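These are my notebook entries on a structure that I had not examined before. I looked up the overall build, then the helices and strands, and then a few single residues.

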Amino acid sequence: MEIWVNPACSKCRSAVSMLDEAGAEYTVRKYLEEPPTAKELKAVLKRLGLEPWDITRTAEPIAKELELKTWGRAPADRDRWIEALVTHPKLIQRPIITADDGTTVVARTPEAVQSVLPG
């Protein structure tokens, strides 16, 4: 499995700790240093069953600067949102865990992290 993290984020550190405690095998992707491509983001969104605006951190200063809260949320607006997330990865909700079995979660709660652990 892979976990997208921002090391400065307490929820990311907590999720990594839970994976370690469970003995899970995973790779860490520091997504601010290695941002996802539009293709990768679309694949993760499909696995999550969410739209890009569902995983956008709208309280970030860049979100306010871009006036994201005024953007449309229709299928025609999807690519604009994805481009914003790719260009400004800090806007992506974190952590995101993609498990080998296809399970993908925004792991902001212990329950979400538990849901991707084997057994």
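The entries below go from the whole chain to its parts.

**Entry 1. Model and overall build**

I noted at the outset that this is a predicted model. I counted the elements of the protein chain and found 5 helices and 4 strands. Read from the N terminus, their order is β-α-β-α-α-α-β-β-α. The radius of gyration is 14 Å, close to the 14 Å that the globule rule gives for 119 residues, so the chain is as compact as a globular protein of that length. Along the principal axes, the C-alpha atoms fill a box of roughly 40 × 25 × 25 Å.

I then looked up burial and surface. Of the 119 residues, 42% are buried. The accessible surface comes to about 6600 Å², and carbon and sulfur atoms hold 49% of that surface. I also checked the contacts with a separation of 6 or more: residues 24 or more positions apart account for 62% of them.

**Entry 2. Strand β1 and its partners**

Which strands are joined to β1 by bridges? I found strand β2 (residues 27-30), which runs parallel to β1 (residues 2-5) and is joined to it by 4 bridges. In this pairing, Glu-2 stands opposite Thr-27. To pass from β1 to β2, the chain goes through helix α1 (residues 10-21), and I recorded this β-α-β crossover as right-handed. Strand β3 (residues 96-98) is joined to β1 by 3 bridges, and these two strands run antiparallel. Here the partner of Ile-3 is Ile-97.

**Entry 3. The two sides of α2**

I listed the buried residues of α2 as Leu-41, Val-44, Leu-45 and Leu-48. Seen down the helix axis, they fall within an arc of 100 degrees, so they line one face of α2. The numbering fits a general rule that I wrote beside this entry. An α-helix has 3.6 residues a turn, so residues three or four places apart point the same way.

What covers the buried residues of α2? I found that the cover includes β1, α4, β3 and β4 (104-106). On the other side of α2, Lys-39 and Lys-46 are exposed. After the helix comes Gly-49, and its phi is positive, near 70 degrees.

**Entry 4. The buried side of α4**

In α4 (residues 78-87), I found Trp-81, Ile-82, Ala-84 and Leu-85 to be buried. They cover an arc of only 160 degrees around the axis, which puts them on the same side of α4. These buried residues pack against α2 (38-48).

I followed this packing to Ala-38, which lies in α2. Ala-38 is partly exposed, with a relative accessible area of 30%. Leaving aside neighbours within four places in sequence, Ala-38 is in contact with Ile-82 and Val-86. I also noted that Ala-38 and Val-86 are 48 residues apart in sequence, yet their C-alpha atoms are 6.2 Å apart in space.

**Entry 5. Arg-47**

Arg-47 also has its place in α2. With a relative accessible area of 40%, Arg-47 is partly exposed. Not counting neighbours within four places in sequence, I found Arg-47 in contact with Thr-98, Ala-99, Gly-102, Thr-103 and Thr-104. For Leu-66 I noted a different relation: 19 residues separate Arg-47 and Leu-66 in sequence, and 27 Å separate their C-alpha atoms in space.

**Entry 6. Residues in the loops**

Is Asn-6 buried or exposed? Asn-6, in the loop between β1 and α1, is buried, with a relative accessible area of 9%. That figure lies under the 20% limit for a buried residue. Beyond residues up to four places away in sequence, Asn-6 touches Cys-12, Tyr-31, Leu-32 and Arg-94.

Arg-94 appeared again when I examined the backbone: a cis peptide bond joins Arg-94 and Pro-95, with omega about -10 degrees. Pro-95 is in the loop between α4 and β3.

I closed with Glu-67, in the loop between α3 (61-66) and α4. Phi of Glu-67 is near 60 degrees, a positive value in a residue other than glycine. Glu-67 is exposed, with a relative accessible area of 52%.

Definitions and conventions:
Residues are numbered from 1 along each chain as its sequence is written. This is a predicted model: local features need pLDDT of at least 70, side-chain atom pairs count only at pLDDT 80 or more; totals for chains, interfaces and linings use all residues. Side-chain values use heavy atoms; hydrogens and water are left out. Buried means under 20% relative accessible area, exposed over 50%, partly exposed in between (1.4 Å probe, protein chains only). The arc is that of the directions from the helix axis to the C-beta atoms. Contact means heavy atoms within 4.5 Å. Two strands pair if DSSP finds at least two bridges between them. A crossover is right-handed if, with the strands pointing away from the viewer, the path from the first strand over the helix to the second runs clockwise. The radius of gyration is taken over C-alpha atoms; the globule rule is 2.2 Å times the number of residues to the power 0.38. Accessible areas come from the Shrake-Rupley method with a 1.4 Å probe; for residues, only the protein chains shown count as cover.
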